[in-house]
Amino acid sequence: MAKLIAARTAQYLMEAEFTFNFSDFVIDKLDAGKKTLGSTVAIADPHTAEALETATEGRVISVRSHDVIARVTAQASRQPGLAAVVLDLIDFAGDEIYFSSVPALAGKTYADAILAFNEASVIGIVDDKGQTHLNPKQGTKLTAKTRIIAIAEDDDKVVYTGVREDIATKKITAKKAPAAKAEHLLVIGWSSMGRSVVAELAAFLPKGSSVHIVAQSKYVDAAELVDLKFGDIKVTHASVSGDIDELIAAASAKKYNEVIILGYRNAISESEADAQTMLTMLQMNQLFAADGNGVEPTRLVAEILDSRKTELARVAAADDLVVSDNLAALLIAQVSENPALAPVFEDLFDADGASINVRPIEQYAPIGKEIEFAELVAIARAHGQSVIGYRLLANAPGDAASGVAINPAKTTKFKPAAGDALVVISDL
């Protein structure tokens with residue numbers, strides 16, 4: 001019943017015919033164990049969130065949806081399919097995150113646990129003190145009180161099937177990741193979200209990277225763009241009237257690796273902001289098609305504020321769409337159903353520690369040679385990563401953001417191809 005209520009809550013939030021402020025929205029839940037009423041609330045300011053949780057002794061759980069949206073938008077610009085992975089993980093349609101006690105794992109390590117479930121993908125543990133650890137060190141010892149955190153179709157699918165010794169004992173040498181090259185990003189549109197997105201990007205962009213921000217003067221005061229500083233990343237800006245020629249000139253000024261289109265969420269209505277975003281998406285795609293866009297195409301990522309515009313926005317052909325109200329509503333619904341998920345999502349979506357990453361599959365296995373998913377899991381183990389799925393480009397014709405398979409059976413076999421990727425929980 002709790003899952004049904006949470007799912008309907010998410011659906012209601014996403015289909016509502018009005019605009020509301022998530023920072024004022026509360027979902028009540030009943031804590032059956034303590035017989036006390038608690039709440040899940042979305043709050044933008046982290047200090048306010050922490051104070052609220054402390055003052056209510058944890059009975060109110062905050063979901064900082066603003067931070068999550070910013071992080072997903074930033075990461076999606078560099079990792080094809082990431083937005084689809086995140087949505088798949090937090091919606092109520094497919095596999096979800098569960099907690100399970102597995103006595104058979106007592107005395108074994110986290111590395112053993114990763115290869116001990118055929119139909120579940122282990123991503124972390126809850127230790128004897130109740131502390132959550134996502135993608136802990138592979139040598140972490142488990143006890144009889146340790147609970148594992150796993151992605152599965154349902155809680156009864158988290159079934160211990162024994163450590164795959166045939167794979168676990170293979171000597172695997174971790175491949176060295178290729179040296180990072182400087183990247184150049186163009187951000188079109190601006191709002192309070194823009195600062196958070198660029199701050200997230202700056203944390204992992206290679207040395208020598210740059211960000212150029214273009215915003216329409218009628219929506220954004222030029223003074224807001226002056227003296228923006230984000231670590232060592234070079235940041236420039238331009239205030240334009242909105243004329244198509246100005247936009248084309250800005251996008252053509254250099255070869256950009258990624259273009260991020262943000263909604264003018266603080267200046268105009270959601271409907272107007274999304275219309276502006278979709279128009280810009282069409283203009284950018286026409287520009288890229290006309291100039292050939294070099295050997296490596298520029299990735300186009302767009303933020304859509306209203307999930308009802310998603311299908312229409314896909315016609316404009318972005319590589320990834322980050323649907324803001326969808327993410328926020330689903331996060332609130334998930335945590336309202338199961339408060340234990342709050343520290344999991346906080347770890348996944350904060351600026352430090354473990355996060356969801358979509359890595360080129362050739363970093364783990366040769367192209368064109370059939371491989372069992374369990375072997376990919378073992379290879380990623382050598383990199384200190386927890387695998388949760390893969391993305392096959394062949395299963396996403398014309399849409400690089402789809403083709404995602406979360407938690408396939410370990411016995412699944414396929415031939416990796418160019419453009420495929422492995423989905424992992426890892427440090428950046």
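Modeller: A residue is called buried when its relative accessible area is under 20%, exposed when it is over 50%, and partly exposed in between (1.4 Å probe, protein chains only). This is a predicted model, in which local features need pLDDT of at least 70 and side-chain atom pairs count only at pLDDT 80 or more, while totals for chains, interfaces and linings use all residues. Residues are numbered from 1 along each chain as its sequence is written, and side-chain values use heavy atoms, with hydrogens and water left out.

Biologist: How many of the 12 residues of α3 are buried?

Modeller: Helices (H or I, at least four residues) and strands (E, at least two) are DSSP runs, numbered from the N terminus. The buried residues of α3 include Ser65, His66, Val68, Arg71 and Gln75. This helix is mostly covered, and its number of buried residues is 11.

Biologist: What distance separates the end C-alpha atoms of helix α3?

Modeller: The expected span of a helix is 1.5 Å times one less than its number of residues. For the 12 residues of α3 (residues 65-76) that rule gives 16 Å. The model agrees, because the end C-alpha atoms are separated by 16 Å.

Biologist: Which residue forms a salt bridge with Glu183?

Modeller: A salt bridge is a side-chain nitrogen of Lys or Arg within 4 Å of a carboxyl oxygen of Asp or Glu, and the structure holds seven of them. In the pair that includes Glu183, the closest N and O atoms are 3.0 Å apart, and the partner is Arg78.

Biologist: How many residues along the chain lie between the positions of Glu183 and Arg78, which this pair links?

Modeller: Glu183 sits in the loop between α6 (165-168) and β8 (184-188), and Arg78 in the loop between α3 and α4 (82-90). Glu183 is buried at 13% relative accessible area, whereas Arg78 is partly exposed at 25%. The two partners belong to distant parts of the chain, and their separation is 105 residues.

Biologist: Which residues are joined into one network by salt bridges that share partners?

Modeller: Arg164 pairs with Asp166, the closest N and O atoms being 3.0 Å apart, and Glu372 also pairs with Arg164 at 3.0 Å. Glu372 lies in strand β15 (residues 371-372) and Arg164 in the loop between β7 (147-152) and α6, so their pair ties together parts 208 residues apart in sequence. The shared partners create a network of Arg164, Asp166 and Glu372.

Biologist: What separation do the C-alpha atoms of Thr411 and Glu372 have?

Modeller: Thr411 is in the loop between β17 (404-406) and β18 (413-414) and is partly exposed, at 44% relative accessible area. Glu372 counts as buried at 16%. Although their positions lie 39 residues apart along the chain, the C-alpha separation is 5.9 Å.

Biologist: Asn135 has a positive phi; what is its approximate value?

Modeller: Most residues other than glycine have a negative phi. Asn135, in the loop between β6 (132-134) and β7, is buried at 11% relative accessible area. Its phi is near 45 degrees.

Biologist: Is Asp227 buried or exposed?

Modeller: Asp227 is found in the loop between β9 (210-216) and β10 (234-240). This residue is not a glycine, yet its phi is positive, about 60 degrees. Its relative accessibility is 65%, and therefore Asp227 counts as exposed.
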